[in-house]
Amino acid sequence: MFGPFLSPLWGDVNDGLWFPQDASTFAGEVDSTFNMILWICIAFFIPIVIALAWFAIKYHQPKGGKATSRVRHNNVLEISWSVFPAFVLVIMFVRGSWGYLDQREPPTGAAEVNVQAFKWDWSMDYGNGIVSPELHAVVNQPTRLVMRSTDVIHSLYVPAFRIKRDVVPGRYNVIWFEATVASEKVSQAELDEALKDAEENHGGDFDPERYGFTRQGYTYFDLYCAEYCGRDHSQMQTVVVVHETQEDFEAWLAAANVKPEGMTDEEYGRQLYQTRGCQSCHSIDGTRLVGPSFAGLFGTTHALESGEQVTVDENYVRESILDPRAKIVAGYQAVMPSYKGQLTDEQINSLVAFIKSLNGD
Ligand code: HEC
Ligand SMILES: [Cu+2]
């Protein structure tokens, strides 16, 4: 029963209890470095504790007893206990830096995903306007992540791949991985049942953690933010799906910009609001962020920077998304990026439906 906890002592590290599942080419190296350091620590810890206890008993004196030894210095002893551990530390350093440098140098020809971290979610950009909160890759093919943050410091961490790197505002940080284990696809029946449960019992919210697979039916690896970044840091997590083949990956890409079956416009709009960056500038609870809040916005009439008045209707919201500079809201800066070519018509329509739904009824 203690087997899984003691397993590092005999090197069986892939049981998923002591270490997370091993699913990338880095895992072997990282785990064996960890085990080596653990073994060295055990090898020092045990004799030190035994000696400590033994001396405490052996040299125990009653209260008021006088120290009897005046040994101050022993060259041989002091040099050997400095030099020997220094060698051990150098070995640990060299092993550690191998793994570290490996992770910093993506091989040429790696697939690329642009990762944006923001409070409190991830947005993965696959190019050609395909953006998703999920990270998708192909098994046995290197993927390079070019990562940036639009607010504070975050950290991308995939335990199963043994990769972790900070995502810092104002610069690009790069990390890469090559997955060795592909996600599995659950049966259609299982997926249908989960979709039905999400619809009936959770207001359409499909939480992969609840079912163990994504809305498309793939099992997944966890991706966490590992840098405390504010209120909802603990929820800043997403899934990594590893496709068996390039074709399967491309089929997913093609479907990624389409509203999932069974989702309403409103729900899809909410998802886009969260995954396409609107959230970092627009609140839905009335708080003023970089941009105006969406709460109760629809249908109001307000002033523009130009002095004119505008009524917030479908056309105005649409224009605000595609050409934000056309009408600037009074009291705000023209910093909103244009989403022209980045959102499909269906997506804009869903965002409009979502903003409409925030008029508290
Ligand atoms: C970098 C910050 C930023 C992001 C990201 C952003 N916006 Fe904006 N948005 C603004 C600012 C600032 C304004 C007000 C100035 C203006 O009108 O351009 C604004 C204005 C708007 C307005 C008009 C609001 C009003 O009170 O009339 C709408 C609608 C809107 N944004 C929708 C969106 C949607 C939808 C998204 C995501 C797809 C989004 N914005 C992403 C900053 C942002
Ligand atoms: Cu974070």
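Helices (H or I, at least four residues) and strands (E, at least two) are taken here from DSSP runs and numbered from the N terminus. This is a predicted model, in which local features need pLDDT of at least 70 and side-chain atom pairs count only at pLDDT 80 or more, while totals for chains, interfaces and linings use all residues. Residues are numbered from 1 along each chain as its sequence is written, chains are lettered from A and ligands numbered from 1 in the order in which they are written, and side-chain values use heavy atoms, with hydrogens and water left out.

Let us start with the overall layout. The protein chain is divided into domain 1 (3-55 + 73-104), domain 2 (111-183 + 220-256) and domain 3 (265-356), with bounds that come from an automatic or database domain assignment. Taken over C-alpha atoms, the centres of domain 1 and domain 3 are 54 Å apart.

A good place to enter is helix α2 (residues 27-58), which holds W39. W39 is partly exposed because its relative accessibility is 42%; buried means under 20% relative accessible area, exposed over 50%, and partly exposed in between, using a 1.4 Å probe and protein chains only. From W39 to V131 there are 92 residues in sequence and 44 Å in space, C-alpha to C-alpha.

Helix α2 also brings us to the second largest pocket, since α2, α3 (75-104) and β7 (163-167) are the elements that give two or more residues to its lining. A pocket is found on a 1 Å grid over the protein atoms alone, as an open set of points where a 1.4 Å probe fits, with protein on both sides within 12 Å along at least five of seven lines; lining residues have an atom within 4 Å of a point. The volume of this pocket is about 440 Å³, counted as the space filled by probe spheres set on the grid points, which are joined across faces, edges and corners. Its lining has 22 residues, and those nearest the centre are V30, Q103, R162, I163 and K164. Helix α3 gives the most, with seven residues. By type, the lining holds nine nonpolar, four polar and nine charged residues, where Ala, Val, Leu, Ile, Met, Phe, Trp, Tyr, Cys and Pro count as nonpolar, Asp, Glu, Lys and Arg as charged, and the others, Gly among them, as polar. Domain 1 and domain 2 each supply at least three residues to this lining.

R162 deserves a second look. It sits in the loop between β6 (154-158) and β7, and R162 is buried because its relative accessibility is 11%. Its phi is near 55°, a positive value in a residue other than glycine. N140 has a positive phi too, of about 60°, although it is not a glycine, and N140 lies in the loop between β4 (135-138) and β5 (142-149).

Next come the metals. The copper ion (ligand 2) has H154 (ND1), C225 (SG), C229 (SG) and M236 (SD) as its protein donors, at 2.0 to 2.6 Å. Donors are N, O and S atoms within 2.8 Å of the metal (3.2 Å for Na, K and Ca), and water is not among the atoms, so sites may look incomplete. Along the sequence the copper donors follow the spacing H-x70-C-x3-C-x6-M. The angles among the four donor atoms run from 89 to 125°, and the site is tetrahedral; four donors count as such if all angles lie between 85 and 135 degrees. Two of these donor residues can be placed by accessibility: C229 is buried because its relative accessible area is 6%, and M236 is buried because its value is 1%.

The iron atom of ligand 1 takes its protein donors from H282 (NE2) and M336 (SD), at 2.0 to 2.1 Å. H282 is in the loop between α8 (278-281) and β11 (301-303), whereas M336 is in the loop between α9 (314-322) and α10 (345-356), so the pair links distant parts of the chain, 54 residues apart. The site of this iron atom is octahedral, with angles of 87 to 179° among its six donor atoms; six donors count as octahedral if opposite donors are over 155 degrees apart and all others between 65 and 115. H282 is buried because its relative accessibility is 12%, while M336 is partly exposed because its relative accessibility is 27%.

The loop between α9 and α10 also holds Y339, which is buried because its relative accessibility is 13%. Helix α9 itself includes N315, and N315 is exposed because its relative accessibility is 58%. The C-alpha atoms of N315 and V352 are separated by 9.2 Å, with their positions 37 residues apart along the chain.
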